[in-house]
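Please open the model in your viewer and keep the selection tool at hand. The tour below goes stop by stop.

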Amino acid sequence: MRIERQQDVTPAVLEVMARTRDPRLREIMTSLITHLHGFVRDVRLTEAEFRDATAILNEIGALASDTHNEFVLMAGSLGVSSLVCLLNNGDHGNTETSQSLLGPFWRLNAPWVGNGGTIVRSDTPGDPLFVTARVVDGAGRPIVGAEVDVWHASPVGLYENQDPEQAEMNLRGKFTTDEAGRFWFRSVMMIGYPIPTDGVVGRLLAAQDRHPMRPAHLHALIVKPGFKVLISQVYDANDPHIGSDVQFGVTRALVGDFVRHDAPRPDAPAPWYSLDYTYVMEPGEAVLPRPPIK
């Protein structure tokens, strides 16, 4: 097709996209071109803005490292991660789900810990936290022998790979559910934290007068053959940012009850916290996600 005016561009590109052999890729690319060209026309994108946009994408890619993933941060800050999650779980977003965002800090090969053990591996001052949890299917039946990978930020709001003061794999560990689908462990109470703001995402938040805070949460990634890998975050209901998560990740099903106890227990001084939570897995293929960091 000979392009003589701007209206000719989109049909020409769509004609090429229609030749894509893979049907799913053809569907995606056709929709992408339709919406992308429509966006350019809708906002009347200028040449200078186009150059700025491509420079921003290049900058996001350049910011990737073994410990940081700016694309994941941006996807969360635009609500894309949350939308994709909810579209693909809980009957396509029509029912509640334990599924949530992976986030940028999951690492492979966390060390195994026996039930009742601790994931604290270095001097990490903070109030003790005791987690007891169950993993069940949609009918409430226990899932035995599931592999549960947990991780969370420290009481100063940093993951161990961000903080040279923490030991390798501090506040990370893997567990196996017992015959009742349970796992339990000890840690320290986490706090909410700001996402990194020294890159493109930080400039976007500043331009929108948005805070960079995530409410305190506990991550889990649960694997069992016959079930879709469950990626979850359980949020502290008492966190001041529970209603304004910068990554749009909080759903009602993911709000947990982190209970404060002001009387000591034999193995912990007061105050200490407890969390009791039930994770629900959906049928599917057990495929691990690609780690966003090393």
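## Two annotated spans

Select residues 22–90 to begin: UniProt lists them, in an unreviewed entry, as "domain: Catechol dioxygenase N-terminal". This is a predicted model. Colour the span by secondary structure. Residues 22–90 are 78% helix and 0% strand. Put a distance on the end C-alpha atoms of this span, and you get 28 Å.

Now select residues 109–262. Here UniProt places the feature "domain: Intradiol ring-cleavage dioxygenases", again from an unreviewed entry. Over residues 109–262, helix makes up 5% and strand 32%. The end C-alpha atoms of residues 109–262 are 36 Å apart.

## Domain division

Next, colour by domain. The chain is divided into domain 1, residues 1–45, and domain 2, residues 75–280. How many Å separate the centres of domain 1 and domain 2, taken over C-alpha atoms? The value is 40 Å.

## The patch on helix α2

Zoom in on helix α2, residues 23–43. Show the side chains of Leu 32, Leu 36, Phe 39, Val 40 and Val 43. Together they form a nonpolar patch on the surface. Their accessible area adds up to about 390 Å².

Pick Leu 36 in helix α2. Its relative accessible area is 41%, so Leu 36 is partly exposed; the partly exposed class runs between 20% and 50%. From Leu 36, draw a line to Thr 10. The two residues are 26 apart along the chain, and their C-alpha atoms are separated by 9.7 Å.

Then pick Val 40, also part of helix α2. Val 40 has a relative accessible area of 33% and is therefore partly exposed.

## Aromatic pairs

Now show the rings of Phe, Tyr and Trp. The whole structure holds 8 aromatic pairs. Start with Phe 105 and Tyr 159. Their ring centres are 4.4 Å apart and their planes meet at 20 degrees, so this pair is stacked; planes under 30 degrees apart count as stacked.

Where do Phe 105 and Tyr 159 lie? Phe 105 is in the loop between α6 (90–93) and β1 (128–136). Tyr 159 is in the loop between β2 (147–151) and β3 (172–176). The pair therefore ties together parts that are 54 residues apart in sequence.

Are Phe 105 and Tyr 159 buried or exposed? Phe 105 has 6% relative accessibility, so it counts as buried. Tyr 159 has 1% relative accessibility and so counts as buried too.

Move on to Phe 183 and Tyr 279. Their ring centres are 6.1 Å apart, with the planes at 25 degrees, so this pair is stacked. Phe 183 sits in strand β4, residues 182–188, and Tyr 279 in strand β11, residues 272–280. The pair links distant parts of the chain, 96 residues apart. Both Phe 183 and Tyr 279 are buried.

Widen the selection to add Phe 175, Phe 185 and Tyr 277. With Phe 183 and Tyr 279, they form one aromatic cluster.

## Last stop: Thr 278

Stay on strand β11 and select Thr 278. This residue has a relative accessible area of 35%, so Thr 278 is partly exposed. Tyr 279, by contrast, is buried. Finish by drawing a line from Thr 278 to Gly 243. They are 35 residues apart along the chain, with 22 Å between their C-alpha atoms.

Terms used. Residues are numbered from 1 along each chain as its sequence is written. This is a predicted model: local features need pLDDT of at least 70, side-chain atom pairs count only at pLDDT 80 or more; totals for chains, interfaces and linings use all residues. Side-chain values use heavy atoms; hydrogens and water are left out. Patches are made of residues with over 30% relative accessible area and no salt bridge: like charges are joined within 9 Å, nonpolar side chains (Val, Leu, Ile, Met, Phe, Trp, Tyr) within 5 Å. Accessible areas come from the Shrake-Rupley method with a 1.4 Å probe; for residues, only the protein chains shown count as cover. A salt bridge is a side-chain nitrogen of Lys or Arg within 4 Å of a carboxyl oxygen of Asp or Glu. Helices (H or I, at least four residues) and strands (E, at least two) are DSSP runs, numbered from the N terminus. Buried means under 20% relative accessible area, exposed over 50%, partly exposed in between (1.4 Å probe, protein chains only). Domain bounds come from an automatic or database domain assignment. UniProt positions are given in the numbering used here, feature names are shortened, and annotations may be inferred rather than shown by experiment. Rings of Phe, Tyr and Trp (its six-membered ring) pair if their centres lie within 6.5 Å; planes under 30 degrees apart count as stacked, over 60 as edge-to-face and the rest as tilted.
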